[in-house]
Amino acid sequence: QLSCLVKMVVLHGIPKDLDNYPKDLLLFLSPSDYAATGSCRQYFANIGKANLDVLQRESSQRKQLLMEALACLKVPGTQVNEENAEILGRLVCDLSGEYIRSSGRNLLKQLSQCESFLPDQEEAIRSVISSGNTTFGPPVAWSAFTLNELSGLIPVFDHSIFQKIPK
């Protein structure tokens, strides 16, 4: 339905007020289509707020969106800084374990919004959290507020992490 709706919306060219349309609609436009109305950074900031689950996980379309986003943001290697993590929004849910390991501290907030993780991602999240090298500090220093901030990641925690969290 969204794909058909996009065709109707862009039938006479890309509307100038595209940012006012539902974010999920943008999933069916390419960054080059959007370029006429704004920057690729703005496009991916909007995509990061969309419901990515409209597209099947591991689909070529989602993979392509992530690759284009990383290229647009000029992400060096697997290092995603905090500003780019904010722009990527829900797209961080598709980053591999390698990205999570090297940028984990910058990604945890966005990762906690993800619906599910692949085994490689789960392992990387546990590794980052166990290291304590995060903005939240090591699990032994966490409070109820911290757990609330990371609530979406709790299903990934293992016994060794839970053991360190103060009662």
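Read along the sequence, this predicted model follows the pattern α-α-α-α-α-α-α-α-α-α. The exercises below treat its fold, its core, one helix and its disulfides.

**Exercise 1. Determine how many helices and strands the chain has, and what share of its residues is buried.**

Solution. Step 1: the pattern contains α elements, and the count comes to 10 helices and zero strands. Step 2: the chain has 167 residues, and 42% of them count as buried. Step 3: the exposed surface of the chain is about 9,000 Å², with 53% of it supplied by carbon and sulfur atoms. Step 4: consider contacts between residues at least 6 apart in sequence; 51% of these join residues at least 24 apart.

**Exercise 2. Identify the residues that touch the most other members of the largest nonpolar core, and name helices that supply the core.**

Solution. Step 1: recall that nonpolar side chains tend to be buried together in soluble globular proteins. Step 2: the largest nonpolar core holds 43 residues, and those touching the most other members are Phe-44, Leu-91, Leu-111 and Leu-153. Step 3: at least two residues of this core come from each of α4 (40-47), α5 (60-72), α6 (82-88), α7 (97-111) and α8 (119-131).

**Exercise 3. Compare the span of α7 with that of a straight helix, and locate its bend.**

Solution. Step 1: a straight helix of 15 residues would span 21 Å at 1.5 Å a residue. Step 2: between its end C-alpha atoms, α7 spans only 12 Å. Step 3: a bend of about 110 degrees is found in α7 at Gly-104. Step 4: Gly-104 is itself one of the buried residues of α7, which also include Tyr-99, Ile-100, Leu-107, Leu-108 and Leu-111. Step 5: the partners against which the buried residues of α7 pack are α5, α6 and α8.

**Exercise 4. Find the disulfide formed by Cys-40, give its handedness, and classify both cysteines by exposure.**

Solution. Step 1: a disulfide is a covalent bond between the sulfur atoms of two cysteines. Step 2: the partner of Cys-40 is Cys-72, with the sulfur atoms 2.0 Å apart. Step 3: the disulfide is right-handed because the torsion about the S-S bond of Cys-40 and Cys-72 is about 90 degrees. Step 4: since Cys-40 belongs to helix α4 and Cys-72 to helix α5, the pair ties together parts that are 32 residues apart in sequence. Step 5: buried means under 20% relative accessible area, and exposed means over 50%. Cys-72, at 12% relative accessibility, therefore counts as buried, whereas Cys-40, at 30%, counts as partly exposed.

**Exercise 5. Carry out the analysis for the disulfide of Cys-93, and state the pattern of the disulfides.**

Solution. Step 1: Cys-93 is joined to Cys-114, S to S 2.0 Å. Step 2: the torsion about the S-S bond of Cys-93 and Cys-114 is about -95 degrees, so this disulfide is left-handed. Step 3: Cys-93 lies in the loop between α6 and α7, and Cys-114 in the loop between α7 and α8; the pair links distant parts of the chain, 21 residues apart. Step 4: Cys-93 is buried at 8% relative accessibility, and Cys-114 is buried at 7%. Step 5: the count comes to two disulfides, and with bonded cysteines counted along the chain their pattern is 1-2, 3-4.

Definitions and conventions. Residues numbered from 1 in each chain as written. Predicted model: local features only at pLDDT ≥ 70, side-chain atom pairs only at ≥ 80, totals over all residues. Heavy atoms only, no water. Helix = DSSP H or I, 4+ residues; strand = E, 2+ residues; numbered from the N terminus. Buried < 20%, exposed > 50% of the residue type's maximum accessible area, 1.4 Å probe, protein only. Contact = heavy atoms within 4.5 Å. Areas by Shrake-Rupley, 256 points an atom, 1.4 Å probe, with all protein chains shown as cover. Core = buried A, V, L, I, M, F, W, Y, C linked by side-chain atoms within 4.5 Å. Expected span 1.5 Å × (residues − 1). Bend = angle between axes of the 7 residues up to and from the residue. Disulfide = S-S within 2.5 Å.
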